[in-house]
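Thanks for coming, everyone. Let me put the structure on the screen, and then I'll walk you through it.

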Amino acid sequence: MPVATLLPFTATPNRKSASPTSFRLTEKFILLLVFSAFITLCFGAIFFLPDSSKLLSGVFFHSSAVETNTRTGPDSSDSGSAGNDERVLAKIRKDHEKALIEAKDTLQKRPEEIKQDIINEKEKVAKESVGQGGKDGNNLPFVEYHRPPGATGHEPLDSETRDRRAKVKEMMKHAWDSYRRYAWGSNELRPVSKQGHSSNLFGSIKGATIVDALDTLYIMEMFEDFDAATDWVEKNLDFSVNAEVSVFEVNIRFVGGLLSAYYLSGKEVFRRKAVELGEKLLPAFKTPTGIPWGLLNLKSGIGRNWPWASGGSSILAEYGTLHLEFMHLSKLSGNPEFAQKVMNIRKVLNRLDKPQGLYPNYLNPNSGQWGQHHVTVGGLGDSFYEYLLKAWLMSDRTDEEGKKMYYDALQAIETNLIRKSSGGFTYIAEWKGGLLEHKMGHLTCFAGGMIALGADGAPSDKTGHQMELAAEIARTCHESYARTATKLGPEGFRFDGGVEAIATRQNEKYFILRPEVIETYMYMWRFTHDPKYREWGWEAVQALEQYCKVEGGYSGVRDVYASSPSHDDVQQSFYLAETLKYLYLLFSDDDHLPLDHWVFNTEAHPLPVIKKDKTDRPNEVE
């Protein structure tokens, strides 16, 4: 009997193929049954025959060398089996150590962070399913997020240190709560008049204090405040403004703050905003030399320089303080243009002759020639040198060009600018056309920390000397605080006319909550554990509480030598970003933001070291 009469299936009249050679539905069904039986038989043999698991793994998976070695039992006759065993044990130990570090980091996470990790993992799987290198809805490549070690710390064991650390957190809470209460959404706070404040540095971009404080809130585990700040960033931070901004200030505060918040929390909104702003800053580089303008209209892309800067020159500390952020922007965006722009700056500099090996503060972006031969390690020059060193450290010590430029510059600074006063204080003078001005700015006091940070990368015969030099600079800067009525340091201090470490001009006597001296204390504590640096930091805490704290926050003072100084009525955003963060880390253990995993930008925003990539996966954050 024909098969068709056994089953109630017939060909439908609307089949797409009416060819006599095509199979009918009943024939397909029978073939499917036969094929299923065959597949069942084959897989049954694989699973139930001896050593079937090895056969299965060999067919469907590529076993690693370690897995193969561990399966090679005592019967193996390979003469290199002993060496293989040692490699296996070493690999197991390494994996065990890595697992312990990851477990320790996980134990410090909040439930919300673990939930975020799960969401990130789901997003990773979803994006991998549409192919590697795919881009999300914001045209950003997928990046595998791994939080670097030490994003949050633990309570110090010593009770005094623990109490002092808690005091600094209390200060942060007062500064932040006051800003939220009186100036939420404004760039900065006027703590005396209890209202918002904004300088022209940010154009009409808003929320500088919010973005600058993000990482400090996270590091101090003020997570509810961090979440409120994150919500504001997501809903209100807008860069589509027709306004002129300082490229330098917007980069170090906004780009740096957003990058740091991303690396600490893993929240994509920060990566997206950082890249968006970075792209808006790129037109600043449209000059004949590629040396960027100092000022840029974010809407028109038209740039210019400060009119007072040596005939319209670009400023060393401004164009030289983009490297760290722009290298991370390239990594997180997949766009090499950010890195290319800052690497080109080095090419221009390396073609120029340096007077006495020094870098003048002014460079004409049109001609590519130096402006006035004015050299400082303080304002106008400072962070250029800092970023040479930190570019090398952030590259996992692979950026040899940055390393050489830093140590060559430091040698020229030591030869030409560093002097010792008659009272035995080491200071860094300013150089103007070959003549020294024996003054040192508060901004220059960061150099003690910088020199200490770079000491172990110097030639072995110079490491000890550089640590001694760093300690001497720290002592000088502490002296500038100790010699005032308020125990707060002046904006600038001199070593001439019979005075030492004292401001002699009224326009140098103010204090605007600057962090540089505290920054050096923090680094010196990390590298020496000399208790005097914590004591000096605590002196600063007490002075801030006595003279700068007001009901509505913290204010700078106009004269540090006055016993009852008047307030300038500004709570700078960098007070929350830098001063309080460095104080908190000064009283924290070394594994809180460990320096072998993190590098601080010049606004104290921690950025992770870009580890040497052995897997050739450019979009993975280690």
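Before I start, one term: contact, or touching, means heavy atoms within 4.5 Å. And please keep in mind that this is a predicted model.

First, a residue where that term matters. Thr444 touches Val377, Gly378 and Ile428, leaving out residues up to four places away in sequence. Where does Thr444 lie? It sits in the loop between strand E13, residues 439-441, and helix H16, residues 447-454. Its relative accessible area is 3%. The cut-off for buried is under 20%, so Thr444 counts as buried.

Now the whole chain. The protein chain has 20 helices and 18 strands. It runs to 622 residues, and 53% of them count as buried. Take the contacts between residues at least 6 apart in sequence: 68% of them join residues at least 24 apart.

Next, the interior. The largest nonpolar core holds 158 residues. Which members touch the most others? Val233 and Phe254 do. Helix H9 supplies the largest share of this core, with twelve residues. There is also a second, separate core of five residues, and Leu295, Trp306, Ala309 and Ile315 are among them.

Back to Val233 for a moment. Leave aside its neighbours within four places in sequence. Val233 is then in contact with Ile210, Val211, Leu214, Leu258, Val269, Phe270 and Lys273.

On to a pocket. I've picked the second largest one. Its volume is about 1,100 Å³. The lining has 48 residues. Nearest the centre are Glu249, Gly379, Leu443, Glu491 and Arg514. Several elements give two or more residues to that lining: helices H9 (247-265), H11 (316-319), H14 (382-394), H18 and H20 (573-586), plus strand E13. Which of them gives the most? H9 does, with four residues. So H9 turns up twice: it also gives the largest share of the big core, twelve residues.

What is the lining made of, by class? It has 17 nonpolar, 16 polar and 15 charged residues.

Now a sheet. Strands of a sheet pair through backbone hydrogen bonds, either parallel or antiparallel. Here we have an open sheet of three strands, in the order E3-E4-E5, with antiparallel pairing. The edge strands are E3, residues 244-246, and E5, residues 303-304, and each pairs on one side only. E4 covers residues 295-297, and its antiparallel pairing with E5 runs over two bridges. If you want to find that pairing on screen, start at Leu296: its bridge partner in E5 is Gly303.

Last, two backbone angles. Both Lys487 and Ala501 are residues other than glycine with a positive phi. For Lys487, phi is near 65°. For Ala501, phi is near 60°.

Lys487 is in the loop between helix H17, residues 460-482, and strand E14, residues 492-494. Ala501 is in the loop between E14 and helix H18, residues 516-528.

Is Ala501 buried or exposed? Its relative accessible area is 0%, so Ala501 is buried. Lys487 comes out at 42%. Partly exposed covers the range between 20% and 50%, so Lys487 counts as partly exposed.

That's my tour. Questions, please.

Key:
Residues are numbered from 1 along each chain as its sequence is written. This is a predicted model: local features need pLDDT of at least 70, side-chain atom pairs count only at pLDDT 80 or more; totals for chains, interfaces and linings use all residues. Side-chain values use heavy atoms; hydrogens and water are left out. Buried means under 20% relative accessible area, exposed over 50%, partly exposed in between (1.4 Å probe, protein chains only). On a 1 Å grid over the protein atoms alone, a cavity is a set of points where a 1.4 Å probe fits but cannot get out, and a pocket is an open set with protein on both sides within 12 Å along at least five of seven lines; lining residues have an atom within 4 Å of a point. Grid points are joined across faces, edges and corners, and a volume is the space filled by probe spheres set on the points. Ala, Val, Leu, Ile, Met, Phe, Trp, Tyr, Cys and Pro count as nonpolar, Asp, Glu, Lys and Arg as charged, and the others, Gly among them, as polar. A nonpolar core is a set of buried Ala, Val, Leu, Ile, Met, Phe, Trp, Tyr and Cys residues joined through side-chain atoms within 4.5 Å. Two strands pair if DSSP finds at least two bridges between them.
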